[in-house]
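This report describes one protein chain, beginning with a single loop residue and moving outward to the pocket and the chain as a whole. The sequence and structure are shown first.

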Amino acid sequence: MSDIAVKKLNSILPSERRNSCIKKGTMKVMLDPPNDENLHTIQSVSRSNGSIASKVSCGGLSGHFEAPADPIAQEIEYIPSEDLTPIGDVEKSLLTLLHRLDSKEWLTVLEALNHVRQLSIFNASEMVDILNAVVSLVIKAMKNPRSALCKTAIMTSADLLKAYSDQLLETFDPLLLQLLLKASQDKKFVCEEAERALFGMTTWITPNPLLQKLEPYVTHRNPRVRAKAAICVSKSVSRLGVHGIKDYGLEPLIQLAAAQVNDQLPEAREAARKLVFELHGAYKQITPSNEEPDVNATLYQPDGWEQYCASILAPTAAHAILRITCNGSSISPS
């Protein structure tokens with residue numbers, strides 16, 4: 001090839017390369033209140049020599065779409081609960097809600113999840129009849145490998161837990177498991193959202209039934225699940241108060257703490273430490289030194305904490321519990 005031909009080829013190639021380079025665009029899923037058909041997808045792809053844009057209405061009423069030739073990056077806008085507004089046509093939304101939640105189109109499911117959130121906040125009583133089915137489909141969305149859908153489903157579960165509280169106990173087990181699993185995974189933004197839902201749950205669900213649901217996960221084979229469960233147990237016990245602890249049973253709660261004091265994860269051990277302090281303080285109030293011990297709970301004896309722990313725990317576990325209370329006797333738990 002001659003030098004002149006090479007120069008001509010080099011002068012052409014850069015512009016061709018420039019025209020073939022596509023900058024990544026964004027996709028935002030936005031709820032534009034208060035319209036019922038207000039979830040839109042906006043996609044844009046910028047080229048050095050022009051642009052391709054598309055707008056889709058997920059409600060299916062109107063819109064146009066011109067698909068870009070190349071893949072584009074996607075960005076989801078997550079709507080805080082406090083920024084949600086009531087749905088315009090509640091009856092219409094409810095009629096198609098389950099069908100949309102079970103759709104194969106992820107954007108349709110995303111729209112439906114946001115509608116569930118709106119309904120649970122502003123029209124909770126209207127959704128009671130289909131609540132169990134809704135929870136099952138929200139759990140299904142939480143299992144979806146698409147992170148954006150999973151996170152939105154977690155946010156939906158938090159709004160449901162806050163709105164319906166103990167009404168969800170009937171279908172609570174699979175929901176709790178998924179939240180614990182999502183809070184234990186590596187994707188930080190999904191993990192943090194699940195943690196917020198779990199920790200909020202400890203303030204929305206009555207402590208006694210919640211503790212019964214959490215108990216099996218304190219000894220789960222996944223150490224991260226154990227740690228999240230231990231934190232939830234500690235937070236729930238703190239809401240019981242002395243009388244609540246006595247009614248639930250001091251012994252099973254100490255056994256829960258003992259299962260975590262030597263766990264491999266620091267956050268599980270810290271949660272267990274806080275729980276031990278809480279239970280030790282309750283023990284001292286249950287058996288004040290100036291009163292006769294409860295005849296129905298003979299282990300609750302003044303100055304008998306060491307004997308009590310030794311009577312209900314294995315020696316190594318009792319030693320671990322006593323080491324915490326002895327070393328931290330002058331330090332209040334954080």
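Leaving aside neighbours within four places in sequence, Ser 165 is in contact with Leu 160, Trp 204 and Ile 205. The model is a predicted one. Ser 165 lies in the loop between α5 and α6, the latter spanning residues 172–182. Its side chain reaches the backbone oxygen of Trp 204 at 2.4 Å, and Trp 204 is thus named both for this polar approach and in the list of contacts of Ser 165. The backbone of Ser 165 also deserves note, for its phi is near 50°, a positive value in a residue other than glycine. Most residues other than glycine have a negative phi.

**The largest pocket**

Trp 204 appears again at the largest pocket, where it is one of the residues closest to the centre, together with Ser 81, Ala 158, Asp 159 and Lys 162. The lining comprises 16 residues, and the volume of the pocket is about 280 Å³. Which helices each supply at least two residues of this lining? They are α3 (106–122), α5 (147–164) and α7 (188–204). Helix α5 gives the most, with six residues. By class, eight residues of the lining are nonpolar, two are polar and six are charged.

**Three further residues**

Ser 147, Ile 231 and Ala 259 are set out below by relative accessible area.

| Residue | Relative accessible area | State |
|---|---|---|
| Ser 147 | 17% | buried |
| Ile 231 | 15% | buried |
| Ala 259 | 38% | partly exposed |

Ser 147 is placed in helix α5, the helix that gives the most to the lining of the largest pocket. Not counting residues up to four places away in sequence, Ser 147 touches Lys 187, Phe 189 and Val 190. Ser 147 counts as buried because its relative accessible area of 17% is under 20%.

Ile 231 is found in helix α9, which covers residues 223–248. Beyond residues up to four places away in sequence, Ile 231 touches Phe 199, Glu 267 and Ala 271. Ile 231 and Ala 268 are 37 residues apart in sequence, yet their C-alpha atoms are 6.8 Å apart in space. With a relative accessible area of 15%, Ile 231 is likewise buried.

Is Ala 259 buried, exposed or partly exposed? Ala 259 is partly exposed, since its relative accessible area is 38%, a value between the cut-offs of 20% and 50%. This residue lies in the loop between α10 (250–258) and α11 (266–286). With residues up to four places away in sequence left out, Ala 259 touches Val 218 and Thr 219. The C-alpha atoms of Ala 259 and Arg 226 are 9.7 Å apart, and the two residues are separated by 33 residues in sequence.

**The chain as a whole**

The chain has 13 helices and five strands. It holds 334 residues, of which buried residues make up 45%. The exposed area of the chain is about 17,300 Å², and carbon and sulfur atoms supply 51% of that area. Among contacts with a separation of 6 or more, 64% are accounted for by residues 24 or more positions apart. The pair Ile 231 and Ala 271 is in contact, and the pair Ser 165 and Trp 204 is also in contact.

How values were computed:
Residues numbered from 1 in each chain as written. Predicted model: local features only at pLDDT ≥ 70, side-chain atom pairs only at ≥ 80, totals over all residues. Heavy atoms only, no water. 1 Å grid on protein atoms, 1.4 Å probe; cavity = no way out; pocket = protein on both sides within 12 Å on 5 of 7 lines; lining within 4 Å. Points joined across faces, edges and corners; volume = space filled by probe spheres on them. Helix = DSSP H or I, 4+ residues; strand = E, 2+ residues; numbered from the N terminus. Nonpolar A, V, L, I, M, F, W, Y, C, P; charged D, E, K, R; others polar. Buried < 20%, exposed > 50% of the residue type's maximum accessible area, 1.4 Å probe, protein only. Contact = heavy atoms within 4.5 Å. Areas by Shrake-Rupley, 256 points an atom, 1.4 Å probe, with all protein chains shown as cover. Polar contact = N/O pair within 3.5 Å; in protein donor to acceptor, adjacent residues only side chain to side chain.
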